[in-house]
Amino acid sequence: MTGPFVAGDRVLLIDRKGRRYLVTLVAGGEFHTHNGRVAHDDLIGQDEGVRARSTSGSRFSAVRPTLADFVLGMPRGAQVIYPKDLGPILMMADVFVGARILEAGVGSGALSMTLLRAGAEVVGYELRPDFADRARRNVSAFMGPDAMERYRVEHRDAYEGIEETGLDRVVLDLPEPWKVVSHAGAALRPGGILLAYVPSIMQVAQLREVLAASRFGMAETVEVLARTWHVEGQAVRPDHRMVAHTGFLSSARLMADTSPATSEPQP
Ligand code: SAH
């Protein structure tokens, strides 16, 4: 979405203290803050970055939210994967335009949006119907109707199996990803990538053990640390606070099936 703001646009309002608010513009609408009201009509027709004043004189800047802004501001059922991990997931899972991806569980849809944004076709498995609905609503709100043609969420348990075959990628954010390894091995094409996000290193160890005894190879585990900096005049230093822990990213690739049991008939 480019050009001046129009009614129906989602807008990020930022106050002087850097606090952020997600608002959908409505002709004649008002955004209420404890620092007064901002008239939507003061934003509609203006370019991104416009500064508006509230009724009590406070200043707000308005821009369209990025994917990262939306992920952090959208309604969440389950915990979302943070932008610092979402970006690296695209590289580690080597997501490409047209990639066929199975994602489980879907949660609030933050990872779904990231995969769809990169051009993938996503089938999601989600245990909880309320989360599946929330994800569909979030994805449709941010990505629009076109992306929904590449997105399907099913109410399913990924531990029970994966129906799709010939997949390019399987991307997991659920508590016991090792229970999906054999299903992913059957659902992926050779060379396909399995990626799992887990918060605990015990989960990583268990997953890596199961991967090591499977047809998957080239396993890797990464932790992404992002440290923002405070830059103001002579005060140039890391920020005091950071998100020190979210989760670990592990990936592996499905190797050719060379086991005698399947490549040759049994005697
Ligand atoms: N990656 C998501 C968050 C996922 S939270 C995001 O970025 O928004 C983990 C989700 O996995 C929860 O919604 C939970 O209901 C779901 N889940 C847990 N076990 C599952 C299973 N066996 N099959 C499918 N979904 C599962």
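1. A polar contact is a pair of N or O atoms within 3.5 Å; within protein, one must be able to donate a hydrogen and the other to accept it, and residues adjacent in sequence count only if both atoms are side-chain atoms. The side chain of Ser 108 makes such a pair with the backbone oxygen of Ala 78, at 2.8 Å.

2. This is a predicted model, in which local features need pLDDT of at least 70 and side-chain atom pairs count only at pLDDT 80 or more, while totals for chains, interfaces and linings use all residues. Residues are numbered from 1 along each chain as its sequence is written, and side-chain values use heavy atoms, with hydrogens and water left out.

3. Ser 108 lies in the loop between β7 (100–104) and α3. Ser 108 has a relative accessible area of 2% and is therefore buried (under 20% relative accessible area, 1.4 Å probe, protein chains only). Beyond its neighbours within four places in sequence, Ser 108 has contacts (heavy atoms within 4.5 Å) that include Met 74, Pro 75, Arg 134 and Asn 138.

4. Which residues of α3 meet α4? They are Ser 112, Met 113, Leu 116 and Arg 117, set against Asn 138, Val 139, Phe 142 and Met 143 in α4.

5. In helix α2 (residues 83–92), the buried residues are Lys 84, Asp 85, Leu 86, Ile 89 and Met 92. Among the elements covering them are α1 (67–73), α3 and β11 (188–198). Helices (H or I, at least four residues) and strands (E, at least two) are DSSP runs, numbered from the N terminus. Just after α2, Asp 94 has a positive phi of about 50°.

Note on methods: Buried < 20%, exposed > 50% of the residue type's maximum accessible area, 1.4 Å probe, protein only.
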